[in-house]
Amino acid sequence: MPESEVPTDAAPETSELMDKVIGLCKRRGFIFQSAEIYGGFRSTYDYGPLGVNLLRNVKNAWWDAMVQRRSDVVGLDAAILSPPAVWAASGHLATFTDPLVDCMNCHQRWREDKIDGVCPNCGSTEFTEARAFNLMFKTHAGPLEDEGAVAYLRPETAQGMFINFANVLQTTRLKPPFGIAQVGKSFRNEITPQNFVFRTREFEQMEMEYFVPPAEADQWFAYWLDERYRWYLGLGIPEDHLRLRHHEQSELSHYSSGTADVEFLFPWGWDELEGIANRSDFDLRAHAAASGEKLEYYDQTANERYVPYVIEPAAGATRTMMAFLLAAYSEDVVGGEARTLLRLDPRLAPYQVGVLPLSKKETLEPLARKVLGLLQPHFMCDYDTTQSIGKRYRRQDEVGTPWCVTIDFDSLEDGAVTVRDRDTTDQVRVPIDGLLAELRSRLDAVTA
Ligand code: GAP
């Protein structure tokens, strides 16, 4: 079993990295093209057995940092479907648009600001005038497809938090500064979805609206930039692949008086993972004016009413999952054999523990099942009995399982198992009685 050589890392060329990660995602069941058996549906993806675990862990890590460990932030899960009034007030009906152009030669449609004046399909430089294309998906709620039944799929989760501001204020004892957090699907009819799950028409967001006294907005903006930047670092994005970039005035969204992006160095260059915006009092004032409801805070001590400003850290869950995969992918050589591994943080890995009986012989099965039963309430486990132990280690490495527990024939005698570490391939013998505590302390060491 011991794999004698110390691993030597060799990250693949960036140009190959994307293909390798996409290949791994499909081969091992992280992400599949949606409706593949019907030829695929462009820009939609299905998350397979491993992808759903990883994505859930990304969202849980965000919820843990943004809600669970804070007493000033509460959660919300608002509806995806909403009436036009919400999007008229928020400004999305009028301004949530991208500039659409048609190539005069091949008639393909493009987003003007993404093509540098040259058609990516045929190379022509002749285009129609740009027109504003609204990115919201429109549908009808109920059996009548008339104007009165129009509804929209939300293009961001944020508005659910603004329109519930008064509900949350009344049902909690919170006072500014406080936040409302939400994780969920959003939909944008992107003109040019691209780069795997980086830009898709259906995706998941992790957003938080932090309501603050207006005079404190700048200070909280700086605070959240720092918090959010450190969240990615803490979960394993290397420092040289992460940066904060402040927006130029011309880039600001219609609601923003200041925005900075957390950017990741993707294989094609720096690109956005998360936007942190000072939305001022734009949204609460807009919804108050349109709905006639008071959306403000009454400060009893100072005996004054005010409309809070909002600092919004808005991240993409699916996009962030892709960044974690790209950052974790590596290849090395162990015992003279090449292996692929995902150096995922154990909190994110689809499985924390692989439980591997050394042989398929029936004599090992009851003890291996007992070990599995001991660990399953605490860790996401994979139980794998097929092929040689070396191949099974490689399979677990490739999907990022940080620890494998091997039950061998000695285990029947000494009541101990072997725990193998994914990154170092070090193996230690641990009594089954102390196994849970050992794995817990390894996980705690990462979290600390
Ligand atoms: N409420 C503010 C807002 O939605 P945004 O910058 O448009 O801001 C926030 O979106 C995050 O959502 C982005 O940083 C990105 O991670 C993710 N996101 C936006 N559009 C996306 C798309 N089409 N596909 C995947 N993720 C997307």
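**The ligand pocket and two pieces of strand pairing**

In this predicted model, the ligand is found in the largest pocket. A good place to start is with what lies around the ligand there. The shell counts 21 residues, and the closest of them are Glu156, Glu190, Thr200, Glu207 and Glu272. Sorted by character, the shell comes out as 10 charged, seven nonpolar and four polar residues.

Where in the chain do shell residues come from? Three strands, β12 (202–212), β15 (269–280) and β18 (309–316), each put in at least two. The top contributor is β15, which hands five residues to the shell.

A few contacts show how protein and ligand meet at the level of atoms. Glu156, already listed among the closest residues, has a polar side-chain atom 2.6 Å from a nitrogen atom of the ligand. With Leu273, it is the backbone that takes part: one of its N or O atoms lies 2.8 Å from an oxygen atom of the ligand. Gly316 also makes its approach through the backbone, with an N or O atom 3.0 Å from an oxygen atom of the ligand. As for overall cover, the ligand has 550 Å² of accessible area on its own, and the protein covers 91% of that.

Leu273 falls within the stretch 269–280 that makes up β15, and Gly316 is the residue at which β18 (309–316) ends.

Away from the ligand, the strands themselves deserve a look. Strands of a sheet are held in pairs by backbone hydrogen bonds, and the pairing can run parallel or antiparallel. One open sheet here has three strands, lined up as β5-β10-β9 with antiparallel pairing. Its edges are β5 (81–82) and β9 (138–140), each of which pairs on one side only. Between β9 and β10 (residues 150–153), three bridges make up the antiparallel pairing. One bridge can be picked out by name: Thr139 has Ala151 in β10 as its partner.

Further along the chain comes a hairpin built from β19 and β20. Here β19 (residues 329–334) and β20 (residues 337–342) run antiparallel to each other, joined over six bridges. Tyr329 is matched with Leu342 of β20 in one such bridge. How many residues sit between the strands of this hairpin? There are two, and Gly335 takes a positive phi near 55° in the hairpin.

Technical notes
Residues are numbered from 1 along each chain as its sequence is written. This is a predicted model: local features need pLDDT of at least 70, side-chain atom pairs count only at pLDDT 80 or more; totals for chains, interfaces and linings use all residues. Side-chain values use heavy atoms; hydrogens and water are left out. Two strands pair if DSSP finds at least two bridges between them. Helices (H or I, at least four residues) and strands (E, at least two) are DSSP runs, numbered from the N terminus. A residue is near a molecule or strand if one of its heavy atoms lies within 4 Å of it. A polar contact is a pair of N or O atoms within 3.5 Å; within protein, one must be able to donate a hydrogen and the other to accept it, and residues adjacent in sequence count only if both atoms are side-chain atoms. Accessible areas come from the Shrake-Rupley method with a 1.4 Å probe; for residues, only the protein chains shown count as cover. On a 1 Å grid over the protein atoms alone, a cavity is a set of points where a 1.4 Å probe fits but cannot get out, and a pocket is an open set with protein on both sides within 12 Å along at least five of seven lines; lining residues have an atom within 4 Å of a point. A molecule sits in a cavity or pocket if more than half of its atoms lie within 2 Å of its grid points. Ala, Val, Leu, Ile, Met, Phe, Trp, Tyr, Cys and Pro count as nonpolar, Asp, Glu, Lys and Arg as charged, and the others, Gly among them, as polar.
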